[in-house]
Amino acid sequence: MSTPAVSAAVPAAGGGSGSAVRLEDLHRSYGDVHALDGLTLDVEPGSMLVLLGPSGCGKTTALRALAGLEDVDRGRVLVDGRDVTDMPASKRDMGMVFQAYSLFPHLSALENVAFGLRMRRVGTAERRRRAGEALELVGLSGLADRYAGQMSGGQQQRVALARALAIRPRVLLLDEPLSALDARVRTQLREEIRRIQLEVGTTAVFVTHDQEEALAVADQVGVMSAGRLEQLAAPQEVYDRPATRFVAEFVGLSSRVPATVRDGRAVTAAGEVPLLPGSADGPRVDVLVRPESVVVTPDGSPGSPEGAGTGARGRVVHASFLGALARVRLATDDGEVLAQLPAVDAVGLGPGTAVSWRLAATAALAVPPGEGTS
Amino acid sequence: MAELTALRSQVPPAQRRAPLARRRRRRQALQRWVVVTVLGIFFLLPLYAMVEFTTRAPSGSGRTLDVWRTLADVRSLADQYPDLLDGLVASAELVLLTVALMLVLLVPTMIWVRLRLPWLRRPMEFVCLLPLTVPAIVLVVGLAPVYAWVAYFLGPASWTLCFAYAILVLPFAYRALDAGLQAVDVRTLSEAARSLGAGWGTVITRVVLPNIRSAVLSASFLSVALVLGEFTVANLLSRTNVQVAINLLGKRDPSISVAVSLAALLIAFALLLVLSLAGIRRRRRGPRAGRTDEPVLAVTPVSLEET
Amino acid sequence: MTSDAASAPALRDRAVPAAVGTSSGGRRGRRLAATAASLLGVVPFGLLVTFFLVIPTLVVVIGSFLDAGNRFTFANVRGLTEDVVVQAYARSVWISAVTAVLGAAFGALLAHAVSTAAPGGVLRRVVTAACGVLAQFGGVTLAFAFLATFGFTGFVTVWLQHTFGVDPYGAGGWLTDTPGLLLVYTYFQIPLMVVVFLPALDGLRPQWREATESLGGSTWAYWRHVAGPVLLPSFLGSMLLLFANAFSAYATAKALISQGSPIVPLKIDAAISGEVITGQDNIGKAMALGMVVVVAIVLWLYARLQRRTSAWLS
């Protein structure tokens, strides 16, 4: 059974005009594989929930179960309190954006967008008007007469979004809509999707494996693994206060630093760190620290007048410059540690440079030593 | 009524009716089997009739395997039906010669054009697909004078048909080889080999050919199928092959000709089935594993002649 | 490495375009020589194609306009307008059209059934292998199969006579006439349709169906508004291919029909074999030319339809 760490839900910014969604104890197996293993979560009306996890964690299955495209073995799907588990997909009134290839190739963009309205027997004039509005919402009014084969990937996905929104759905479902696009189009389009979702106020569920994407657009992030919910919380919460080891390692970067537990704090060679709830008991543990919590002081710099500063010793293995930031990999007595600092401070840190490093007092999660992958 | 409702609410909702997608899948499966069965009967009927026909006892009632026994015994076949044996031998020769011709002429030429004469690609494609527009019955009209010359130089034997067959086979072999060459980026491979010091001969035999092996096999199988089924050209040029022999035999002895026809059909079916099994297994190991390409569909010649 | 000799100049030319101090005429001459050397490689293939494809085609085309004395004439082409010939063309077109429609309809049904089956499963493999065989093995084998089934002493004929007292041959021979050809041709048209149309069905993306559903469409709506229109060009194209296939068919009819030449291919056979009247050679060529024109038109339409489907269904 999953015990999601649900924190105070962030109220929807769009005024909550969307529907409330509840997935209750969903189970779904394919032979021996448990795609969904007791998933329960609530989505606030008008908010954007992002389901985040690696391939095979069940996030897409959960989305498709919500859409009605996938059956469930056990459990219920409720929309606005109504049990829709037995309702066919065509009656659920949800708009879905697929990863790729979902535009009908024989229809123009406008006709694609108007398709759902056509299924609902909306009159021709009204149909064209509403479809035109939806296209305008995604900024593609000029492409109304183009066909899928004549549009870029980003444009196709925008048309797909317009098509899903034209029917004024109860819930907007997005199945990795950006995964097939170039990096730059991806960042552009995800901001637009978020802006449009807030503007229209529809409840939305967004599935992705890209954690940067998830943190950027979500009101709530649901981290999933092996068919279960690991944590359901606001993006900042998931990043700063991961509830389980999986979340701590999957979201953001982290390094393992061996420590001993004393009075609810982890004591390492590089300093003491308060522990998050859910940490392992010890006495010996590994603490998962974020790169920005690792403070690096090169020998001979103002912070270390005699050549050796406070904290542990380390040697630079490699420094990657990422524009404004730099990520420095240090070799220490207890293994490798990843540090992050402003690029200007990392200028002299070539491979082999001796440094001191210590941990900032940010709360971190402790896990049993030497376990799992990182 | 209240009890019923209470009872219903106790049953987990998702178990009250079979899930939707599963219901649709079951309905589809039923439709599928009905269609296949009905059409299956239509298609199996002549095959059954062939079995029935070839096992009729001469006395009028009862069954006999005489015809099949004769067929299985090659020596008695040679005695009683020498023309049939001639036809079988001729077809065997033609299969080997046509495939050899296709391999020796078409494969190197296609690779060569791709590498050295790219401006010839479109004209070559046009030429290779031309036989599709010219049905065999039409081609043979024009082949008659050409084959008069061939007979003058090489004799009237049936094996000389291999040249005409190589032409008939062109569109299908070309398509199979073209697909294989597209998939491999011959240009880059040959440039890499040349930059490492290989000559053109080496490039063709040791760099390109091993990579288009399955396309070559596919083209060969297409050629075999077409040559074995060919009748028009052989018949109108007064030469023999297995189909011509069967046709002639049919007038004399319907039983054995029907038996040979059935045997040919069943052997071809078994071969294709084996090929489809081998094809799928081979592809599963390849880079495009997971895509169930139908080797049968790719391999079956859409022949506009041999029907 | 003797092939290197011819290729070395080309390689040098490419790698060092302006370095060698020769005049442009000399460089061009060398490149021409290199091209000529490359062309040598295609000569054997070219010879085969010339003698066994180009020349026969020219013989047919030119021969249609020559008379017995090798003088230019339209007489042969005009001979195509004779009643007997027109009837043969009409019958060929009729049989081809009917069997194309029947083959397309039932073939599409069967292909659809196969496409819903598990890929790589038993049903799919057996049916596609069977279709592959039956589509190819028209001709003599098929004719005999049908003689064994529906012929004078065929299984079904005898069964009908004994069980129902019905004699299919009461009104005269039917198997060796148009009705027979219709039946036999349909027998290989259906599998051919499966072979040709199945790839198009496989090209239908599951996302289209799911998108239709989530937008509120039923199964009927999906077929009517999405799958139908998308498949239509491919369906029509396949039907055209079936038409061309039946129109060109010779072997089946030859094996089935012993008397008379009701369709064009058999008429051509009769003309050039000198069976009916000798010296009909060039009329046969004119008829052959007529066939080529018909088939060429059909295949051109097919190619145009293919262009649209390949974009949608690849």
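**Exercise 1. Find the partner of strand β14 in chain A, and name one residue pair that stands opposite.**

Step 1. Strand β14 of chain A covers residues 284-289 and is joined to β20(A) by 3 bridges. The two strands run antiparallel. Keep in mind that this is a predicted model.

Step 2. Now look for a facing pair: Val287(A) has Ala366(A), in β20(A), opposite.

**Exercise 2. Place these strands in their sheet: in what order do the 5 strands come, and which are the edge strands?**

Step 1. Recall that strands of a sheet pair through backbone hydrogen bonds, either parallel or antiparallel.

Step 2. In chain A the order is β13-β12-β11-β14-β20, an open sheet with antiparallel pairing.

Step 3. The edges are β13 (271-274) and β20 (365-367) of chain A, since each pairs on one side only.

Step 4. On average, neighbouring strands of this sheet are turned by 45 degrees against each other, with direction ignored.

**Exercise 3. Describe how chain A is divided into domains and how these touch.**

Step 1. Domain 1 spans 21-245 and domain 2 spans 253-367 of chain A.

Step 2. Taken over C-alpha atoms, the centres of the two domains of chain A are 39 Å apart.

Step 3. Each domain of chain A gives 5 residues to the contact. On the domain 1 side, these are 2 nonpolar, 1 polar and 2 charged residues.

**Exercise 4. Work out what chain B brings to its contact with chain C.**

Step 1. Start with the count: 80 residues of chain B are in contact with 80 residues of chain C.

Step 2. Helix α2 (residues 20-54) of chain B gives the most to the chain B side, with 14 residues.

Step 3. Sorted by class, the chain B side holds 54 nonpolar, 20 polar and 6 charged residues.

How values were computed
Residues are numbered from 1 along each chain as its sequence is written. Chains are lettered from A and ligands numbered from 1 in the order in which they are written. This is a predicted model: local features need pLDDT of at least 70, side-chain atom pairs count only at pLDDT 80 or more; totals for chains, interfaces and linings use all residues. Two strands pair if DSSP finds at least two bridges between them. Helices (H or I, at least four residues) and strands (E, at least two) are DSSP runs, numbered from the N terminus. Axes are lines fitted to C-alpha atoms, for helices over the stretch in contact, and angles run from 0 to 180 degrees between N-to-C directions. Two residues are in contact if their C-beta atoms, placed from the backbone, lie within 7 Å. Ala, Val, Leu, Ile, Met, Phe, Trp, Tyr, Cys and Pro count as nonpolar, Asp, Glu, Lys and Arg as charged, and the others, Gly among them, as polar. Domain bounds come from an automatic or database domain assignment.
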